[in-house]
Amino acid sequence: MTYIISLSSIKIKMAKNSKADYKVIQILIVFCFTFISTQTNAQESEAVSINEKLDVIRNYPFNMPFERSDINLLNWQYWPYSRYASHHPREFIPMVTIHADPEAAALEEVKNDPFNLMVLNVSVDTEKDVLLPDLLKSIQMKGFAVMHKGKLVFETYDQGMQKHDIQILQSTSKTFTGMLIHKLTSEGLLDLGANVDEYLPDLNADVFKGSTLQNMLDMEVGFPDFGSYHNADDFGFMSEVHMGLKPKALGVEHRSTLLFIQQFQKQSFPAGSKFSYNDMNTQVLAMIAEQVTGKQYAQLIEENFWRPLQARYDAAISIDEDGNAGASWGMAITLRDAARFGQMMLNRGSFKGKRIIPESYFEATFDQPPTEPLSPYFVLGQQEDYRNQVWMLRDDGLMHTIGSFGQFIFADYKNEIAIVFMANWKHTSHLESKEHLLRIVRAVGKQINR
């Protein structure tokens, strides 16, 4: 929290060279700094207490018994509570509904495991194969679906999740925003080469100075390192307080993503010169979409995705206390509707013959070779490329979303399949589990196309 001291409002009629008046001012200054010191010490103590609690929570075992009443905003994303909370998000965070079409046709499916995936062996190293269901269980998978030729050919659920339950997507939500921005651009409402100030002149966050919409889409804006999302002393934790993932703490009395962003007035690097993954890029892109359309983000998702995809179940999106949507993390959808989205990605923007996202999005994203600045992330030795709010593993012909704790949607262009993973990993990003996902995608693609 920032404290601003101003003595200009204190009207003291001072006589020239008055020692008494000088002493009054000294006392006021001492009082103000004593107050600030007291508040700072209190917040430091609170941060220590929060971190100690999180250290305990993050070491709980996955299968530990718990009651529904044990779940709160500090623990809902972690084991064992995420077994329930991640597919019941409306019970823990403010959300608005994204309405489905109640008359939409059910997702086409081929039942009875036509490709024998229940008995598929997946190689996890040179000397060990694991049955697909066992491997899924070992990485805490609660929902898994495979699409082939526009039909659902395999799905499985665990941890009490059912086909009507919505799972929080975490950063997989960002891909919806990236596609939406490109669609609005194709409609002439946006210019990706324009600066954010042209659309949000009152944003008042100089960290975006000189940044284009494309820089924001590609995570090239000069935010400082946000540190850990599990440490109350870091920007990452405080961003989640404002967006609604964490309880109000450390002096925050009003949740506002905009107020959080406005504290960043200096750039850590010039826009476009470095890859720096940050939720706030997506949050501001959503604000821009609302500004140029005059519509709320939930309505934009409903009109541009949910109805065209013929989604069968209502989705939801988180909001802060100002009504700003959690575009960077807060989408929650069912496994089957995520499979529809994956099929649309696989069809390069079309679903059941209807164009949803312009082809230009895929031309600018998947068809272009990697360019500087590159992401620093690798999986099984392959560098992950990031562009337009989506990831790519180009050697495998994959475009995919990534969400914390294991929320992934893959479009496998080589094998013509789409795969959805909804999991509850212990950590926001777990490399071994992520490597298993790629092994599963490869094995399923090979099995279906042999």
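**Salt bridges, helices and cores in a predicted model**

Asp158 and Lys137 join their side chains in a salt bridge, with N and O 2.9 Å apart. The structure is a predicted model. This pair links distant parts of the chain, 21 residues apart: Asp158 belongs to the loop between strand E5 (151-157) and strand E6 (167-168), and Lys137 to helix H3 (residues 132-138). Asp158 counts as partly exposed because its relative accessible area is 27%, whereas Lys137, at 55% relative accessibility, counts as exposed.

A search of the whole structure finds 16 salt bridges. Another of these pairs Lys434 with Glu384, at 2.7 Å from N to O. Lys434 lies in helix H12 (residues 431-448) and Glu384 in the loop between strand E12 (382-383) and strand E13 (385-387), so the salt bridge ties together parts that are 50 residues apart in sequence. Both Lys434 and Glu384 are buried. Arg394 and Asp385 also form a salt bridge, their closest N and O atoms being 2.7 Å apart. Here Arg394 is partly exposed, with a relative accessible area of 22%, while Asp385 is buried, at 7%. In addition, a network of salt bridges links Arg348, Arg355, Glu359 and Asp367.

Arg348 leads to the helices, for this residue follows helix H10 and has a positive phi, near 55 degrees. The 12 residues of H10 (residues 335-346) should span 16 Å at 1.5 Å a residue, and the end C-alpha atoms are 16 Å apart, which agrees. H10 is mostly covered, with 12 of its 12 residues buried; among them are the charged residues Arg336, Asp337 and Arg340.

Helix H4 (residues 173-186) has 14 residues and reaches 21 Å from its first C-alpha to its last, close to the 20 Å expected. Of its 14 residues, 12 are buried, including Lys174, Phe176, His182 and Lys183. Just after H4, Gly188 adopts a positive phi of about 85 degrees.

Phe176 also appears in the largest nonpolar core, which has 105 residues; Phe176, Phe208, Phe305 and Trp306 touch the most other members. Beyond its neighbours within four places in sequence, Phe208 is in contact with residues including Asn195, Leu203, Phe223, Ile261, Met280 and Val284. A second, separate core of 36 residues includes Val130, Leu132, Leu136 and Phe154. In soluble globular proteins, nonpolar side chains tend to be buried together.

Some nonpolar residues lie at the surface: Met118, Val119 and Leu131 form a patch with about 270 Å² of accessible area together. Met118 is found in the loop between strand E1 (95-98) and strand E2 (121-125), and is partly exposed, with a relative accessible area of 43%.

Key
Residues numbered from 1 in each chain as written. Predicted model: local features only at pLDDT ≥ 70, side-chain atom pairs only at ≥ 80, totals over all residues. Heavy atoms only, no water. Core = buried A, V, L, I, M, F, W, Y, C linked by side-chain atoms within 4.5 Å. Buried < 20%, exposed > 50% of the residue type's maximum accessible area, 1.4 Å probe, protein only. Contact = heavy atoms within 4.5 Å. Helix = DSSP H or I, 4+ residues; strand = E, 2+ residues; numbered from the N terminus. Expected span 1.5 Å × (residues − 1). Patch = residues over 30% accessible without salt bridge, like charges linked within 9 Å, V, L, I, M, F, W, Y side chains within 5 Å. Areas by Shrake-Rupley, 256 points an atom, 1.4 Å probe, with all protein chains shown as cover. Salt bridge = Lys/Arg side-chain N within 4 Å of Asp/Glu carboxyl O.
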